[in-house]
Amino acid sequence: MLPDTLLFAFALLDTGFVLFILVYYVILLSDLECDYLNAQQCCSKLNFWVLPRAGAHIFLVIFLIINGHWWLVLFNFPLVTWIIYEIAKIPSGNMGIYDPTEIHNRGMVRKHLRDCMIYLGFYLIAFFIYLYCMIIAMLKGDPIRRHEEEDIVTEF
């Protein structure tokens, strides 16, 4: 069991890591949409980061469960189930979530861009919630020790 300050500092780092990955996703998908990248290169780069992104989020939720932050677990639960569903529904012949043979069919690039924007919104909100929780956890104690008057220096 981690102290709350350390847990939320880890949550900030973890969420920041996922935010950087999602910005990278948006850049790659917009390059694919404008034909600056071919589908094979783009999909292999995107699929490389699917499991680290999912692992980072699930790892964070496990830490939140261990420390008993149930409201934050409930906040993260819909996205965790969606990530697991997205990975589980990959057809057997596909390269991954992002498949080069299907990415230009039926507006899949637009769908993936929309999903990335939804993820970005969620993780930005989560980042600021974890930041708030970390600040509250840091302020829970009395860092100045006001009850010990002799330790406080008031004159220089």
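Trainee: Where is Ile66 found, and what makes it partly exposed?

Mentor: In this predicted model, Ile66 is found in helix H3, which covers residues 50-67. Its relative accessible area is 47%, and since buried means under 20% and exposed means over 50%, the value falls in between, so Ile66 is called partly exposed.

Trainee: Which residues form a nonpolar patch on the surface with Ile66?

Mentor: Met1 and Ile62 join Ile66 in that patch, and together the three have about 350 Å² of accessible area. Membership requires over 30% relative accessible area, a condition that Ile66 meets with its 47%.

Trainee: Why is Thr15 called buried, and what does Thr15 touch?

Mentor: Thr15, placed in helix H1 (residues 4-33), has a relative accessible area of 1%; the limit for buried is under 20%, and therefore Thr15 counts as buried. Leaving aside residues up to four places away in sequence, Thr15 touches Leu60, Tyr123, Phe127 and Tyr130.

Trainee: What makes the pair formed by the side chain of Thr15 and the backbone oxygen of Ala11 a polar contact?

Mentor: A polar atom of the Thr15 side chain lies 2.7 Å from the backbone oxygen of Ala11, and this distance is within the 3.5 Å cut-off for a polar contact.

Trainee: How do you know that Cys42 is in no disulfide?

Mentor: The structure holds 0 disulfides. For Cys42 the nearest cysteine sulfur is that of Cys43, at 5.3 Å, whereas a disulfide needs a pair of cysteine sulfur atoms within 2.5 Å, so the pair does not qualify. Cys42 is also buried, with a relative accessible area of 0%.

Trainee: Where is Asp35 placed, and why is it called exposed?

Mentor: Asp35 sits in the loop between H1 and helix H2 (39-48). Its relative accessible area is 60%, and because exposed means over 50%, Asp35 belongs to that class. Asp35 also has a positive phi of about 65°, although it is not a glycine.

Trainee: How many helices and strands does the protein chain have, and how much of the chain counts as buried?

Mentor: The protein chain has 5 helices and 0 strands, running α-α-α-α-α from the N terminus on. Of its 156 residues, 39% count as buried, while the chain exposes about 9,700 Å², of which carbon and sulfur atoms supply 69%. Among contacts between residues at least 6 apart in sequence, 78% join residues at least 24 apart.

How values were computed. Residues numbered from 1 in each chain as written. Predicted model: local features only at pLDDT ≥ 70, side-chain atom pairs only at ≥ 80, totals over all residues. Heavy atoms only, no water. Helix = DSSP H or I, 4+ residues; strand = E, 2+ residues; numbered from the N terminus. Buried < 20%, exposed > 50% of the residue type's maximum accessible area, 1.4 Å probe, protein only. Polar contact = N/O pair within 3.5 Å; in protein donor to acceptor, adjacent residues only side chain to side chain. Contact = heavy atoms within 4.5 Å. Patch = residues over 30% accessible without salt bridge, like charges linked within 9 Å, V, L, I, M, F, W, Y side chains within 5 Å. Areas by Shrake-Rupley, 256 points an atom, 1.4 Å probe, with all protein chains shown as cover. Salt bridge = Lys/Arg side-chain N within 4 Å of Asp/Glu carboxyl O.
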